[in-house]
Amino acid sequence: MTASSEPMFDPMFDVEGRVCLIAGACGGLGRAIVRGLAERRANLALFDINRKGLETLAAEIPNAVALPGDITNESSLRDAVAQTVAHFGHLDHAVNAAGVLPIAPTETLDEATFRHCIDTNITGAYLFTKAMAGAMTEHGGRVVHIASVSSFVANPNYAAYASSKAGLSQMVRVMAREWASRNVLVNAIGPALTLTPLTEDYLSDPDFLKNAVASIPMGRLGEPEDLVGAVLLLLGPGGAFITGQTIYVDGGRTLV
Ligand SMILES: NC(=O)c1ccc[n+]([C@@H]2O[C@H](COP(=O)([O-])OP(=O)(O)OC[C@H]3O[C@@H](n4cnc5c(N)ncnc54)[C@H](O)[C@@H]3O)[C@@H](O)[C@H]2O)c1
């Protein structure tokens with residue numbers, strides 16, 4: 001024990017004073033990541049299409065700036081980077097937790113829904129990485145995407161979502177190779193099903209919930225806070241030689 005009441009953080013996971021832009025900041029997983037980084041005194045640029053939610057969140061978080069925007073729009077992302085640099089001086093890290101989840105049998109999954117999923121989860125992730133890494137190539141940096149166990153597992157009724165997340169994990173591998181020599185590290189985290197606004201309608205069906213829990217060897221859904229350790233590893237000094245990986249934080253879901 002120390003005399004101070006301040007929590008002690010391991011230097012391997014240190015993000016204090018680092019400037020991090022987080023997309024999907026208002027979501028269930030985004031908020032947990034924002035809180036985990038804010039507790040460790042990172043400077044945060046909060047990006048989300050939900051303008052109102054963003055302003056409320058930014059008011060609660062110290063050292064945060066709210067940047068409403070759309071991840072599928074390149075100029076929106078470029079503006080967010082410019083505003084982050086104008087506000088904090090530079091950009092060290094970026095986490096993308098924006099996404100959508102349509103679940104439907106392929107016969108009834110309509111084209112517009114499929115395209116919207118690919119547009120948000122893949123095209124958005126491509127535009128995000130391009131805009132963020134572009135601002136990092138001078139001094140190095142880290143980009144982390146929230147992928148999914150669906151990057152790996154072929155769940156029925158997930159044609160759009162699983163395609164988008166498998167594509168994202170492979171895109172991360174390609175981009176990691178492109179930027180490795182400039183010390184811009186690109187990784188993903190693959191969570192298991194977690195109760196958030198994204199999944200609450202599906203999980204309110206008792207059969208869906210029962211099957212979801214049964215598919216996870218550790219016997220429970222994910223909690224948003226389960227992801228914070230992996231995010232800190234990938235952003236902190238401990239992650240300095242990790243690139244192109246999807247780290248599954250899934251209670252063993254991808255083992256079956
Ligand atoms: N919750 C889960 O079970 C789970 C599991 C695995 C992976 N994921 C992935 O994690 C990410 C976050 O999921 P979540 O559960 O927090 O979802 P969520 O719906 O709670 O949050 C998603 C956030 O993204 C924002 N967003 C959506 N479209 C956007 C756009 N075009 N531009 C900017 N922001 C946009 C939303 O406003 C929302 O705040 C998603 O990519 C999701 O696929 C979630």
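## A tour from the ligand outward

Begin by selecting the ligand in this predicted model: 28 residues surround the ligand, and those that come nearest are Leu29, Asp48, Tyr161, Thr194 and Thr196. With the ligand still displayed, turn to its oxygen atoms and pick out three partners one after another. A polar atom in the side chain of Asp48 lies 2.6 Å from a ligand oxygen, a backbone N or O atom of Gly28 lies 2.9 Å from an oxygen atom of the ligand, and a backbone N or O atom of Ala98 lies 3.3 Å from a ligand oxygen. If a surface is then drawn over the ligand, bear in mind that, of the 830 Å² of accessible area that the ligand has on its own, the protein covers 91%.

Select Thr196 next, which is found in the loop between β6 and α6 (200–203). Is Thr196 buried or exposed? Thr196 counts as buried because its relative accessibility is 9%, which is under the 20% limit for that class. Leaving aside neighbours within four places in sequence, Thr196 is in contact with Gly28 and Leu29; of these, Gly28 has a backbone N or O atom 2.9 Å from a ligand oxygen, and Leu29 is among the residues that come nearest to the ligand.

Now move to strand β4, residues 93–96, and show its side chains. In a regular strand, side chains alternate between the two faces of the sheet. Both faces of β4 are covered, with His93 and Val95 buried on one side and Ala94 and Asn96 buried on the other. Following the backbone outward from this strand, one finds that β1 and β4 run parallel and are joined by four bridges, and that β4 and β5 likewise run parallel and are joined by four bridges. His93 is a convenient residue to keep selected here, as the bridge partner of Cys20 in β4 is His93, while the bridge partner of His93 in β5 is Arg142.

From β4, step across to Leu21. Which residues does Leu21 contact, leaving aside its neighbours within four places in sequence? They are Ala45, Phe47, Leu67, Ala80, Val81, Thr84, Leu91, His93, Ala94, Val95, Phe128 and Met132. Leu21 also belongs to the largest nonpolar core, a set of 34 residues in which Leu21, Phe47, Leu77, Phe128 and Met132 touch the most other members. To display where this core comes from, colour the elements that give two or more residues to it, namely β1 (19–23), β2 (43–48), β3 (64–68), α3 (74–88), α4 (111–134), α5 (159–179) and β6 (184–191); α4 gives the most, with seven residues. A second, separate core has 30 residues, including Ala25, Cys26, Ile61 and Val228.

Next, select Val153, in the loop between β5 (141–146) and α5. Val153 is buried because its relative accessible area is 13%, and, leaving aside neighbours within four places in sequence, Val153 is in contact with Arg253 and Thr254. A distance drawn from the C-alpha atom of Val153 to that of Leu127, 26 residues apart along the chain, comes to 25 Å.

Finish at Asp10, which lies in the segment before β1 and counts as partly exposed because its relative accessibility is 40%. A polar atom of the Asp10 side chain lies 2.8 Å from the backbone nitrogen of Met12. Asp10 and Gly236 are 226 residues apart in sequence, yet their C-alpha atoms are 9.8 Å apart in space.

Notes
Residues are numbered from 1 along each chain as its sequence is written. This is a predicted model: local features need pLDDT of at least 70, side-chain atom pairs count only at pLDDT 80 or more; totals for chains, interfaces and linings use all residues. Side-chain values use heavy atoms; hydrogens and water are left out. A nonpolar core is a set of buried Ala, Val, Leu, Ile, Met, Phe, Trp, Tyr and Cys residues joined through side-chain atoms within 4.5 Å. Buried means under 20% relative accessible area, exposed over 50%, partly exposed in between (1.4 Å probe, protein chains only). Contact means heavy atoms within 4.5 Å. A polar contact is a pair of N or O atoms within 3.5 Å; within protein, one must be able to donate a hydrogen and the other to accept it, and residues adjacent in sequence count only if both atoms are side-chain atoms. A residue is near a molecule or strand if one of its heavy atoms lies within 4 Å of it. Accessible areas come from the Shrake-Rupley method with a 1.4 Å probe; for residues, only the protein chains shown count as cover. Two strands pair if DSSP finds at least two bridges between them.
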